[in-house]
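Grab a pencil and work through these exercises one at a time. Try each task yourself before you read its solution.

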Amino acid sequence: MQDAITAEYSGPPKLNYLNNGFTLKSWLLTKDHKRIAIMYLITVSLFFMAGGLYASAIRLELLTPASDLLQTGTYNKVFTQHGILMIFFFLIPSIPAVLGNFILPIMIGAKDLALPRINLLSLYIYWVGGAFTVWALLQGGVDTGWTFYTPYSTTFSNTYVMAVGLGIFINGFSSILTGLNFIVTVHTMRAPGMTWFRLPLFVWAQYATSLVMILGTPVIAITVLLLAIERFARVGIFDPTIGGDPILFQHMFWFYSHPAVYIMILPGMGVISELISNFSRKKIFGYEFIAFSSIAIAVFGFLVWGHHMFVSGQSVYAGLVFSFLTMVVAVPSAIKMFNWTATMYKGSISYDTPMLYGIGFMGLFLIGGLTGLFLGAIGLTVHLTDTYFVVAHFHYVMVGGQVIAYLGGIHYWWPKMTGKMYSEFWGKISAMLVFVGFNLTFFPQFILGYMGMPRRYSYPPEFQVLNIFSTAGASVLGVGLILPLIYLTQSLISGKAAGDNPWMLPGLEWRTSSPPPTENFDVMPVVTWEAYEFGEESGLDLEGARANESVRTV
Amino acid sequence: MAEYEQHDHDHIEHDHMTIPKYIGIFLVLVVGTILTYFAATVDLDFIFPGANTLVALLIAFTKMTCVMLFFMHVYWSPRMIWLSAVASFFWLAIMFSYTMQDYLTRDPGVFSP
């Protein structure tokens, strides 16, 4: 087994999922979860770039208080489309569809996902939903905000509300099918010996996320459908002038969209569990607590949606209940943070690029999570609602949390996915630029929001200095995000061969070749070790192998 | 050998539903739809306000249960499928109850014209 870690292979190229067919057809009709993941990777990256361009336009416009770059109507469309592309087409699918698709079956010792054709269908649905949305944006776009609040979206907006809504509706089915596939796979495809409590925590996180995807996504589909019925047929559902209730829309929208926040962040937490334990070279502290905290977040995440509606006209009693439950949902997240910290204590920490992202996540998510408690406090939130404090909080969780975790995961599994190592030097530079740029962009927004700067509008001149900081930070963040695109692409062309286990880790994905063969393992693995087992029980001489670190220092 | 056993098992499962049974369930659904129509033409507010809605929902729930148990074969499915079905209703109940928790505790003066 040790040979699998250290041996240099010098024969002809092994057959793997990348060189097993080069035609377009072999990619477009593939049922291989790894190829599907790569196609997701390319697509979500394109959506991330498009969403990033909108973000750049927003920050440039906010450099000055006057509307000198974008007219007000255009500005409304730009922030709306930034939100829609980033949330529905990048943040929600990125970790499950890219990293989950690629790694989850390998992590549990399976040949593929349980439903490979459904997996391909899921990708096509995502493409169709995405294409529909992009078409609508190119035709003129939408200006309702990503939340589509009624009655503006049903009655007053003259933009492409329903076309974009249909794109999101279609895309939801992709999410449901991916979640379904993961649940069936984890239940039925685990290798011999891979018991539930030997599963890597990334798999637990994906499993919890899949539950949320299946239970929550149909509700947003119904909500969009009801919105269409009211907009086209004038059936009174949300518009009070024809007998509807606009707050009902908010209830239905947030019943999905708050758990959707957990669809975005839970897989990220799974990635971080992998990074912290593996790069501390220590068994994770409180495995069961972290595993069940993912499930707890998935369940409690469905009980707190009303905290988005404290000032909407929702009853004070409902506000109290939702405020209390919001405090409760913070507990499982805190369990994870404490356990990650305890894992690092007395660990043999190596500061490779993925670990830098892992540590960055812990700091940024801590700020994002704690400021969420400010917003969940029913009194304080009246002052902070619809200010830049909310924008900052949300971005600390979504960018500081999910995007950082996604980047960490990409860097961590890149050698496995491609068989190539990237430049550690540029990786570390990029991770630090992202961290510094991110904080410079979004920390001033907490202060601006607390001082009363509203979201989605311009601002008085006294707020300009902090806005300049924020825009300058966005430039640094932009450079930090473009760098991986360059050096990861470069690694594909001239990167050093990674070897099967470049980080010297015990997980199943590191016991197969890089890139993996089409069926993931030459021989079906039998798992006899616990998760994150670095000792002799893992069946590998990891410490001996670690002495040969030349491959990592490019 | 195992494949044959699996095939037999599937065959037996499908035998639970015969054509007459399918038609029977279909007729129940048709009767339910007709009942919904006639129930909507009678003002049941004399029982309590909103009784019409409750009756319509009860009929709809009965029809849905028939579809789920027999057309979708949940009745003969493993316990895990039962658990999934019950869980989805539990989640629906969460959505309804927590939303109603707002509507039923609002100050009527705030939203009334």
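Before we start, a word you'll need: a residue is buried if its relative accessible area is under 20%, exposed if it is over 50%, and partly exposed in between (1.4 Å probe, protein chains only). What you're looking at is a predicted model, where local features need pLDDT of at least 70, side-chain atom pairs count only at pLDDT 80 or more, and totals for chains, interfaces and linings use all residues. Residues are numbered from 1 along each chain as its sequence is written, chains are lettered from A and ligands numbered from 1 in the order in which they are written, and side-chain values use heavy atoms, with hydrogens and water left out.

**Exercise 1. Find the salt bridge between A:K34 and A:D32, then decide whether the two residues are buried or exposed.**

Step 1: Know the rule. A salt bridge is a side-chain nitrogen of Lys or Arg within 4 Å of a carboxyl oxygen of Asp or Glu. Side chains of opposite charge can pair when their charged atoms come close.

Step 2: Check the distance. From N to O, A:K34 and A:D32 are 3.0 Å apart, so by the cut-off they form a salt bridge.

Step 3: Check the accessibility. Both A:K34 and A:D32 turn out to be buried.

**Exercise 2. Work out where A:E530 and A:R198 sit, and how buried or exposed each one is.**

Step 1: Their side chains meet in a salt bridge, at 3.2 Å from N to O.

Step 2: Now place them. Helices here are DSSP runs (H or I, at least four residues), as strands are (E, at least two), numbered from the N terminus. A:E530 is in the loop between α16 (464–494) and α17 (542–546) of chain A, while A:R198 is in the loop between α7 (161–188) and α8 of chain A. That's 332 residues apart, so the pair links distant parts of the chain.

Step 3: A:E530 counts as partly exposed because its relative accessibility is 32%. A:R198 has 18%, so it counts as buried.

**Exercise 3. Describe how chain A and chain B meet.**

Step 1: Count the contacts (heavy atoms within 4.5 Å). Chain A brings 20 residues and chain B brings 13.

Step 2: Look at the buried area, which is the accessible area (1.4 Å probe) that two parts lose on being put together, summed over both. The two chains bury about 1,500 Å² between them, with 73% of it on carbon and sulfur atoms.

Step 3: Look for charge pairs. There is one salt bridge between chain A and chain B, and it joins B:R106 to A:D245 at 3.7 Å, N to O.

Step 4: See which elements take part. On the side of chain A that touches chain B, α8 (201–233), α9 (246–279) and α11 (316–344) each give two or more residues. The most come from α11(A), with five residues.

**Exercise 4. Which residues join B:R106 in one network of salt bridges?**

Step 1: Inside chain B, the side chain of B:R106 meets that of B:D102 in a salt bridge (2.9 Å, N to O). Both B:R106 and B:D102 are buried.

Step 2: Put the shared partners together, and A:D245, B:D102 and B:R106 form one network.

**Exercise 5. How many helices and strands does chain B have?**

Step 1: Count them: five helices and zero strands.

Step 2: Read them from the N terminus on, and you get α-α-α-α-α.

Step 3: As an extra, 20% of the 113 residues of chain B count as buried.
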